[in-house]
Amino acid sequence: MKMTFKFRAKPTKTEERWLFSEFRHQKQLQNYMLQMRSQMWDYGSISVSRYDQQAHLRKLRENSHYRNHPQDMQVETIKRVDKSIDNFFGRCKDPKAKKKGYPKFKGSVRSLTWSLRKHKVKDKATGTFKRVRQTPIRETGTRYNRLKVPKLGEIKIRQHRRIVGDPKEVTLKKTARGWYCFIVCEVPDTLKCVPKSACGVDVGTHDFLTTSEGKKEGNPRFYRQAEQKLIRLHRDLSRKQYRSKRWYKAKDALAKQADIVACQRLDFLAKTAYKLFHHKDFDAVVAEKLKPSNMVKNRYLAKSISDASWGMFFEWCSWVAKRDGKHFHQVPPHHTSQTCSECCQKSPVKLKLSERVFHCKSCGLKLDRDHNAALNILHRAACALRGEVWDTILTETRNPLLQQACWS
Ligand SMILES: [Zn+2]
């Protein structure tokens, strides 16, 4: 399993200049490698692989300005081109893909990535040599630690937590609000626990989520809160002379505000996902399998649905479950808010979004609509796992064939 640690980086003005020049070099290299591929194909249907390009890079590095730039970053750029071409061919084979989209030439690059090499280290106790990957961070014992960057030296980072596992790859990225470094570490997989308690979750735009116990989490609506500010900043930008000093200033201000909204949302989603598993100690969480990309086609709800970002929330849930050895499942979402959780009767009339209470005509149940839906989701998962037996407790004794039929 891979874990990524994100820290704030603080390069000096000189270091920043070097990093920007490196961005330009990597952009040129990336465009050059992409052009090489398409031209060779046009020339005589010759396909160029990643290894051909790496061999070409080695030749270039012998006697040109390519020597002055870090090789690890250049190799990583070639890998990126290779991956983009692979993805393009994948889309060509996929009948569902609407746009094939040949990779485009880049106008700018905003991040640098390099993988960490293994070094030979002598083990003093046994006297044998071992190949070990060195950590990219030098600890200073002060407020700021140092990140080793090839060819540049060391730059300041604010390491607010320790990294775990074997560091493999480092990315340095420039965003609207500053520099960040991402360290990818390989961590041993966590064993999955045997689920003893489960919780159903219904997501919505009114309340962000409702659990099958009836607990609610409010929808913070970060985009809606900042909407007026963003409108003002957009208006400011549109009134400036294109590419003037003031235009760039207005552009930066807008990008910063957009970044703040994105960060707030990410923080909320990550914390809510953690809370769901750990505050009540649930072993399994079940949610609906929604398709937000289809749902945003509704033009009245599109902004609210995008703002809630359920897709990202489910991704975080499955990630937390994977990291902590818990379970996260998704069930089909059909008619969860129209069905009674008590007697399983489906009401023929669809509830309007403004109606917050579900009223069953056959058994007389009156329940909050989201709570009812969350119970239905949990019920559906239990049915899928145990073969039509109503039980809130999920166990691993399940029929694999039945499970496959129900999950798919
Ligand atoms: Zn009923």
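## Exercises: domains, strands and cores

The protein splits into domain 1 (1–187) and domain 2 (198–222 + 256–407), with bounds taken from an automatic or database domain assignment. This is a predicted model, where local features need pLDDT of at least 70, side-chain atom pairs count only at pLDDT 80 or more, and totals for chains, interfaces and linings use all residues. Residues are numbered from 1 along each chain as its sequence is written.

**Exercise 1.** Find how far apart the C-alpha centres of domain 1 and domain 2 lie.

*Solution.* Take the C-alpha centre of each domain; they lie 38 Å apart.

**Exercise 2.** Work out in which sense strands β13 and β14 pair.

*Solution.* Start with the terms: strands are DSSP runs (E, at least two residues), numbered from the N terminus, and two of them pair if DSSP finds at least two bridges between them. Next, locate β13 at residues 284–288 and β14 at 327–331. They pair in the parallel sense, over 5 bridges. For one spot to look at, Ala287 stands opposite Gln330 in β14.

**Exercise 3.** Is β14 mostly covered or uncovered?

*Solution.* A residue is buried if 20 or more other C-beta atoms, placed from the backbone, lie within 10 Å of its own. In β14, 4 of the 5 residues are buried, so the strand is mostly covered.

**Exercise 4.** Which element gives the most residues to the largest nonpolar core?

*Solution.* Such a core is a set of buried Ala, Val, Leu, Ile, Met, Phe, Trp, Tyr and Cys residues joined through C-beta atoms within 7 Å. Here the largest has 33 residues, and Val286 is among those touching the most other members. Elements giving two or more residues include β13, β14 and α9 (369–386). The answer is α9, with 9 residues.

Key. Buried ≥ 20, exposed ≤ 12 C-beta atoms within 10 Å, placed from the backbone.
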